[in-house]
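Q: Please take a close look at one part of this model, the largest pocket, and then at the loops of the chain. Which residues lie nearest the centre of the largest pocket?

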Amino acid sequence: MVYLKIKRQDESREWYDTFDIEQTPGMTVLEALFYVQEHMDGSLCFRYACRGAVCGSCGMLINRVPRLACRTQVGIAKKENTREGSGDIFVAGQKSESGEENEEILIEPLPNLKVIRDLIVDMDSFYNLVDSIKPWISSPEEHPEGGNLMDPDMRGKIEKYTNCILCACCHGSCPVAARDDTYLSPATLAKAWRMHLDPREDDASRQERLDFVDSESGVWGCDLVYKCVAVCPKKVPPTLGIKALREQIEKKKEN
Ligand code: SF4
Ligand code: FES
């Protein structure tokens with residue numbers, strides 16, 4: 001058995017419901033939520049699409065750790081302390097102070113985003129932040145014959161950042177996003193660095209983006225606590241991108 005303690009929310013109230021379900025081998029938290037929805041409470045709302053850590057829609061807090069429900073095994077999560085009552089956000093594998101283990105899993109919506117209902121958050125504000133840095137290549141009018149060939153080393157550097165699936169787990173873990181809703185967010189700044197690195201981008205657009213993130217809502221707002229790196233399910237390192245952007249900005253100002 002496993003006990004799922006799930007935060008519920010509608011327009012007028014917030015509460016927790018606990019469901020005890022039969023754990024099956026290899027069961028993920030997403031599958032456990034389906035079990036609840038199909039057999040115990042059809043009103044439970046959560047978001048998913050791919051069930052395979054690709055779409056980024058099932059991000060939620062599991063034992064106070066932002067992670068993908070489809071990627072998180074019930075067997076592992078139920079051995080952790082739920083950290084119930086803690087206002088802190090943790091990273092997976094980090095032991096709670098008491099070091100206790102139990103049979104319960106605490107499931108809550110991602111922080112730093114408005115809750116629409118139960119575990120569904122409004123992603124619009126997050127997507128708007130990402131869009132604000134114009135995360136696309138400014139296409140030259142003439143396309144080179146034979147396409148744009150890229151140096152394999154550069155492709156490797158960029159690839160680390162292109163793996164982002166916009167799940168907002170980093171945003172949910174970020175202490176700066178928690179206190180400042182104008183902060184561009186780790187994912188946005190990681191994407192800004194990805195676009196900056198891309199040799200296909202034109203210099204004017206690269207400079208415009210660099211000027212845009214040169215602010216307290218941008219790279220200078222980051223506390224460098226690396227939580228976003230620790231929770232990212234796709235191993236994107238937003239803090240490294242932020243530090244690299246800071247270096248670029250400083251270098252430009254020196255010249
Ligand atoms: S950087 Fe990682 S945690 Fe953040 S949105 Fe992208 S995939 Fe999710
Ligand atoms: S359902 Fe797509 S990432 Fe989890």
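A: The account below starts at the pocket, goes on to single loop residues, and ends at the ligand.

This is a predicted model, in which local features need pLDDT of at least 70, side-chain atom pairs count only at pLDDT 80 or more, and totals for chains, interfaces and linings use all residues. Residues are numbered from 1 along each chain as its sequence is written, chains are lettered from A and ligands numbered from 1 in the order in which they are written, and side-chain values use heavy atoms, with hydrogens and water left out.

The largest pocket has 14 lining residues, and those nearest its centre are Arg67, Leu68, Arg71, Thr72 and Ala92. (On a 1 Å grid over the protein atoms alone, a pocket is an open set of points where a 1.4 Å probe fits, with protein on both sides within 12 Å along at least five of seven lines; lining residues have an atom within 4 Å of a point.) Two or more residues of that lining come from each of β4 and α9 (227-231), where helices (H or I, at least four residues) and strands (E, at least two) are DSSP runs, numbered from the N terminus. The largest share, four residues, is given by β4. The volume of the pocket is about 220 Å³, taken as the space filled by probe spheres set on grid points that are joined across faces, edges and corners. By class the lining holds ten nonpolar, two polar and two charged residues; here Ala, Val, Leu, Ile, Met, Phe, Trp, Tyr, Cys and Pro count as nonpolar, Asp, Glu, Lys and Arg as charged, and the others, Gly among them, as polar.

Thr72, one of the residues nearest the pocket centre, sits in the loop that runs from β4 (65-68) to α2 (74-77). Thr72 counts as buried because its relative accessibility is 7% (buried is under 20% relative accessible area, exposed over 50%, partly exposed in between, with a 1.4 Å probe and protein chains only). The side chain of Thr72 is 2.7 Å from the backbone oxygen of Leu68, and Leu68 is itself among the residues nearest the pocket centre. That is a polar contact (a pair of N or O atoms within 3.5 Å; within protein, one must be able to donate a hydrogen and the other to accept it, and residues adjacent in sequence count only if both atoms are side-chain atoms). Beyond four places in sequence, Thr72 has contacts with Met27, Thr28, Val29, Ile62, Arg67 and Ala77, a contact being heavy atoms within 4.5 Å.

The loop between α2 and β5 (104-108) holds Asn81 and also Gln94. Asn81 is buried because its relative accessible area is 13%, while Gln94, at 35%, is partly exposed. A polar atom of the Asn81 side chain lies 2.7 Å from the backbone nitrogen of Arg83. Neighbours within four places in sequence left aside, Asn81 is in contact with Asn63, Ser96, Ser98, Glu100 and Asn102. Gln94 lies 29 residues from Val65 in sequence, and their C-alpha atoms are 9.4 Å apart.

Arg47 is in the loop between α1 (29-40) and β3 (59-62) and is partly exposed at 30%. Its side chain has a polar atom 2.8 Å from the backbone oxygen of Val121. Arg47 and Val121 are 74 residues apart along the chain, with 8.8 Å between their C-alpha atoms. Val121 is one of the residues that Arg47 touches beyond four places in sequence, the others being Ser57, Cys58, Ile116, Ile120 and Met123.

Two lysines have positive phi without being glycine: Lys134 at about 50° and Lys235 at about 60°. Lys134 belongs to the loop between α3 (124-132) and α4 (152-162) and is partly exposed at 39%. Lys235, in the loop between α9 and α10 (238-254), is exposed at 72%. Asp181, between α6 (175-179) and α7 (186-197), is also exposed, with 71%. Asp181 stands 9.6 Å from Leu129, C-alpha to C-alpha, across 52 residues of sequence.

Around ligand 1 are Cys164, Ile165, Leu166, Cys167, Ala168, Cys169, Cys170, Ala187, Cys232, Pro233, Lys234 and Val236, each with a heavy atom within 4 Å of it. This shell divides into eleven nonpolar residues, no polar ones and one charged residue.
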